[in-house]
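Q: Please take a close look at one chain of this model and describe how its parts are arranged. I am a first-year student, so give the cut-off for each term when it comes up.

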Amino acid sequence: MQRLRVRYAKRGRLRFTSHRDISRAVERAVRRAGIPVAYSAGFSPHPKISYAGAAPTGVASEAEYLEIGLSRPCDPRRVRDDLDASLPPGLDVLDVVEARDGNLADRLEGSMWELRLPGADPGEAERAVKEFLAADRVEVERLTKKGMRRFDAREAVRSLAVVEGPGITAGQETVQPCVILRMVVRHETPAVRPDDVLMGLRLVAGFAPQSPPAVTRLAQGPLDAMTGEPADPFAFDRAGGDR
Amino acid sequence: MPVESLFPRLEPLLPKVQKPIQYVGGELNSIVKDWDEATVRWALMYPDAYEVGLPNQGVQILYEILNELPETLAERTYAVWPDLEALMRSEGVPQFTVDGHRPVRAFDILGVSFATELGYTNLLTALDLAGIPLEAVDRTDEDPIVLAGGHAAFNPEPIADFLDAAVLGDGEQIVIAITEVVREWKAEGSPGGRDELLMRLASSGGVYVPKFYDVEYHPDGRIKRVVPNRDGVPTRVFKHTVMDLDEWPYPKKPLVPLAETVHERFSVEIFRGCTRGCRFCQAGMITRPVRERSITTIGDMVETGIKESGFSEVGLLSLSSADHSEIADITKGLADRYEGSQIGLSLPSTRVDAFNIDLANELSRNGRRSGLTFAPEGGSERMRKVINKMVTEEDLIRTVTTAYSNGWRQVKLYFMCGLPTEEDEDVLGIADLAKKVIKAGREATGSRDIRCTVSIGGFVPKPHTPFQWAAQCDHETVDRRLRALRDALRSDKEYGKAIGYRYHDGKPSIVEGLLSRGDRRVGKVIRAVWEDGGRFDGWSEHFSFERWMAAAERALADEPVDVDWYTTRERDEHEVLPWDHLDAGLDREWLWQDWQDALNTVEVEDCRWSPCYDCGVCPTMGTEIQIGPTGRKLLPLTVI
C-alpha cells in the first residue's frame, strides 16, 4: 500500500476548526477529489488517514501533518493539487511526499510557534521572557480531561524571544499593533502548549496581555542539534530512504 | 451603501466561546455575493443552534434558489449560544449572517423557518441582538420584514406580534414571488414605506400579515372572530403547493459544514406530502397531496449531491419513504450503483410491513445490519384505530420477526403517550407488545442476542389535524403512565435486559401544546419567558418548565385564560380556532368528522389506493395526487 505524507496549513478563519472538524473535512475532500484512499477492513470500514500532532482549536498552523494510505499508487504532486483544490480555502495543502520507512509522528520532535499579542507592551514582554528563561522550572496549571494538572512549562522551551518587526501574517485577519513572541518547544507529555508558556510569563513576571493571543505554528519536525529549530520532517522521505 | 463585514469585531470573541467554527461560515457550496449588486437581500434564519440548523433542508433549498436569482442575495443566520450572546452584548456586536458576516438588520427580509414552536424564544434573541424592535408595530423602514415559514407557521398567532408576515406551505415559488414584489416596490422608491410593502404582499393572497387582522374575543376568552381591519386584505390566506418536484431539484449543491452537525449526510426528498391519514400527524395533514419526485431525478440528485458534497451517506427523505410508487426500483438501482463504494444509503420514516425489510436489506447490502426503526405509535389495537395508524399486532410481530431473521439485531419501536381517549392499559399494552416481539425474535433466530428499544414521547395536539379539538393529556398523567410502563417492562427478568426504554417527561409537551394551539395572547408569555432568560427551549439543559409556568401566570393574569385552557381543554365543534383563517386546504367539516371517527375507532384508508375521502385539499388548492410509476429504471453510472 502506497502511503502519502501531507503537510498542510490551517489559516485565517479556519484556525477555529477542531481536530475532528479537520478530519471530517479531509475525508470528504478526499472523496470529492476521487483520491483512491484505502479503507480498513472490518465491521465499519474507515478511511486510512492518520493525523500527527494536530494544533489546538483556535491556533493557526503552517505545518500540520497527515498520512493517507492509498488503494493504488498515485503521483504525489497530483494528489497535492487535487486535494488542495477540494479542501476549503484556509485548509491548504503545501507538500505531499511518498512515505519511506519510519513513523512520521516520531519525527515531529518539536514545534516553532509564533504568538501575536495585540496591545501588549514590548518592554514588559522582553523582561518577562528574560525572567522565564532564567528560571529552572516554571510550574503552571491547566485544566485537562483528567482534571487540573500542574507541570513544568520551562524545560520543554528550547528558545523564546520577542521578534523585531512584523512576522509572518498567518493568523488573525485584523492587524493591530502587537508584540510578537517566537518560541521552539519540544513535544513532551504532558504537552507544553504556547498558552502554557504565556501563563508561565504571567507567573514569573506578571506579564498579562489583555487580548487573547493569535497563535500560529510555523514549523514542526526533528529538532536540529545545531540550530535548535525544527527541520523538515520530509527530508528523509524525499531523499529516497537513504539517510 | 456598502455594508461592512462584522467579522473583524466578531473574531476576537471567538477564542472565548465553545465550538467557534460554527460562527465562521465558509462552508463548501456557500455563497457570498456582492452586496451592492443585489437589489433584494434575504437573511434566512433557522432559529436553533448551527449544528441543528445547518442541515435543515428548507433553509438550504431556499438559500440556493434565492442566490440563483439575478440581483438577489441570500445569507444564513442561526441562533448563537448563550456564551457568544453575552459577549456580543458586552462588545456591541449585532446578530450576523455566517456567509458575509453582515448585520441582519441591513437585509430587506429576515425569513425564519420554524420546524417547531420551541424556536420562538430564539427568534426574540436574534431580533434583539440584531437591533430590530421585538414588536412588529415598533419597526421602521430601516428594519427588515420579519417573515415566518415552516410547519409551525401554519399557526403563527402566538408570535403574531413579533412577525411582519408569514407564509404557509412550500417555499420554493413564494420566495421568488415575494422577491419580485420587494424588487418592484424598491425600484419605485419604496412608496408608502413598509406598510405599503406589507399591503402589496398581503393583497396577493399568498402572504399573511397578522397586523392587518383583528382578533375579537368572547368574555369567556374564546375567540369571537378574526377579521381583516382594512380593505384589500383577503379574509383567508392559503398555503402554497409546489406541483412538480422534478422542476425543483434542490438542494443541488448541499452545504457541507466544517463543524459537526446533527445530520452528516446528503438528503434527497423523494416525495412530499402524505395521505396515510395518521390523525396526530400535522405534517401529513398540511403537506397534501402526495407529489413524488421521479426515480430518474432522484438518481441524478443523489449522484450530483455526492459529487458536490463528499458526504458518504445519502438519506431518502419523505414522511413515509417506503410509500414511493417505485421505491423498490429506487433502492435497488441506488444499491447497484454504489455497491462496493463507501456510500451508505438510508431510508428514514418507514412503516411497519415486511416489504420494508426487503428495502432495508437492499440498502444494507454491503454494510452492517444494526438497527431498524418502526413506529406503531399506539400501544393497543384500539389506540391505533383512534389515531388511524393501520397496523395490527400481527403485522408488527411478523415484520419484526422478519427483520430479526434477516440478521437485524436491534429493533426500535416508537410510541406516543397521552393520545386522545388513552387509558393506562393502552400504554401498558406496549410492554406486552415488546415482550412478544422479543419472544418471536428469539424463536425465529434461535438466539438471545436480539434487542428491542421502546422509545416514547408525549403527544401534542396540533392545528389543522383532527385532534385540533382534543384535550391534551396533563403531564402528571403522562408521567404516571410512563413510569408504569417502565415498571411493566422491567417486571419480567426473562425480557428485562433485552428491552431498552427511552422516554421524555411530559412537561415540555405542555409548553409545546401551549405554543402549538395558542393565540395572540400567548405572545405575552413568550416574551415574558424570553425576558426571564428563556433560550433554546428544544434543549433539555436549557428548557425550564417552571419558568414557562411562572411567566404564563404573570402574562395571562388579566386574561380569562391560562395554560390549562390552551392545553388540556377540549374544544367544541364551533369554537373559532386561532388558525381558522389560515387555510391548508383541509375541509373543516371533514376534519371534525375525522375527529368523530377517531372517537368511534373508525379507520380511513389512504386515498392513493382507495377512493377520495374528501379531505378537501385537492379541490380547494387546485392540486392532485402525483404518483408514478414512471416505469423508468436507474441505469448504472458510466465510469470515466
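A: The answer below goes through chain B, from the whole chain to its sheets, its domains, some loops and its contact with chain A.

Residues are numbered from 1 along each chain as its sequence is written, and chains are lettered from A in the order in which they are written. The model is predicted, and local features need pLDDT of at least 70, side-chain atom pairs count only at pLDDT 80 or more, while totals for chains, interfaces and linings use all residues.

The whole chain comes before its parts. Chain B has 22 helices and 18 strands; helices (H or I, at least four residues) and strands (E, at least two) are DSSP runs, numbered from the N terminus. With a radius of gyration of 25 Å, close to the 26 Å from the globule rule for 640 residues, chain B is as compact as a globular protein of that length. That radius is taken over C-alpha atoms, and the globule rule is 2.2 Å times the number of residues to the power 0.38. Along the principal axes, the C-alpha atoms of chain B fill a box of roughly 75 × 70 × 55 Å.

Of the 640 residues in chain B, 50% count as buried. A residue is buried if 20 or more other C-beta atoms lie within 10 Å of its own, exposed if 12 or fewer, and partly exposed in between, with C-beta atoms placed from the backbone. Among contacts in chain B between residues at least 6 apart in sequence, 79% join residues at least 24 apart; a contact here means that the C-beta atoms of two residues, placed from the backbone, lie within 7 Å.

Next, the sheets. Strands of a sheet pair through backbone hydrogen bonds, either parallel or antiparallel. Two strands count as paired if DSSP finds at least two bridges between them. In chain B, four strands form an open sheet with parallel pairing, in the order S14-S15-S16-S17. S14 (371–377) and S17 (499–503) of chain B each have a single partner strand, so one side of each is left without a neighbour in the sheet. On average, neighbouring strands here are turned by 20° against each other, direction ignored; the axes are lines fitted to C-alpha atoms, for helices over the stretch in contact, and angles run from 0 to 180 degrees between N-to-C directions. Strand S16 (residues 451–458) of chain B is joined to S17(B) by five bridges, and B:Cys452 has B:Ile499 of S17(B) as its bridge partner.

Chain B also has an open sheet of three strands, S9-S12-S13, with parallel pairing. Its edges are S9 (266–269) and S13 (344–346) of chain B, each with a single partner strand, so one side of each lacks a neighbour in the sheet. S9(B) pairs with S12 (residues 313–317) of chain B over four bridges, and B:Phe266 stands opposite B:Val314 in S12(B).

Strand S4 (residues 145–149) of chain B is mostly covered, with five of its five residues buried. B:Ile145, B:Leu147 and B:Gly149 point one way from S4(B), B:Val146 and B:Ala148 point the other way, and all are buried. S4(B) pairs in the parallel sense with strand S3 (residues 109–113) of chain B over five bridges, where B:Ser113 faces B:Gly149.

The domain assignment of chain B gives domain 1 (7–238) and domain 2 (265–367 + 605–640); such bounds come from an automatic or database domain assignment. The centres of these two domains of chain B, taken over C-alpha atoms, are 31 Å apart. Their contact takes four residues from domain 1 and six residues from domain 2 of chain B.

Some loops have backbone details to look at. Most residues other than glycine have a negative phi, and most peptide bonds are trans. B:Lys19 has a positive phi, near 45°, and lies in the loop between H1 and strand S1 (40–49) of chain B. B:Lys19 is partly exposed, with 19 other C-beta atoms within 10 Å. The peptide bond from B:Arg288 to B:Pro289 is cis, with omega near -5°.

Last comes the contact with chain A. It takes 23 residues from chain B and 23 residues from chain A. Helices H1 (7–10) and H9 (295–309) of chain B each supply at least two residues of the chain B side. That side has 13 nonpolar, five polar and five charged residues, where Ala, Val, Leu, Ile, Met, Phe, Trp, Tyr, Cys and Pro count as nonpolar, Asp, Glu, Lys and Arg as charged, and the others, Gly among them, as polar.
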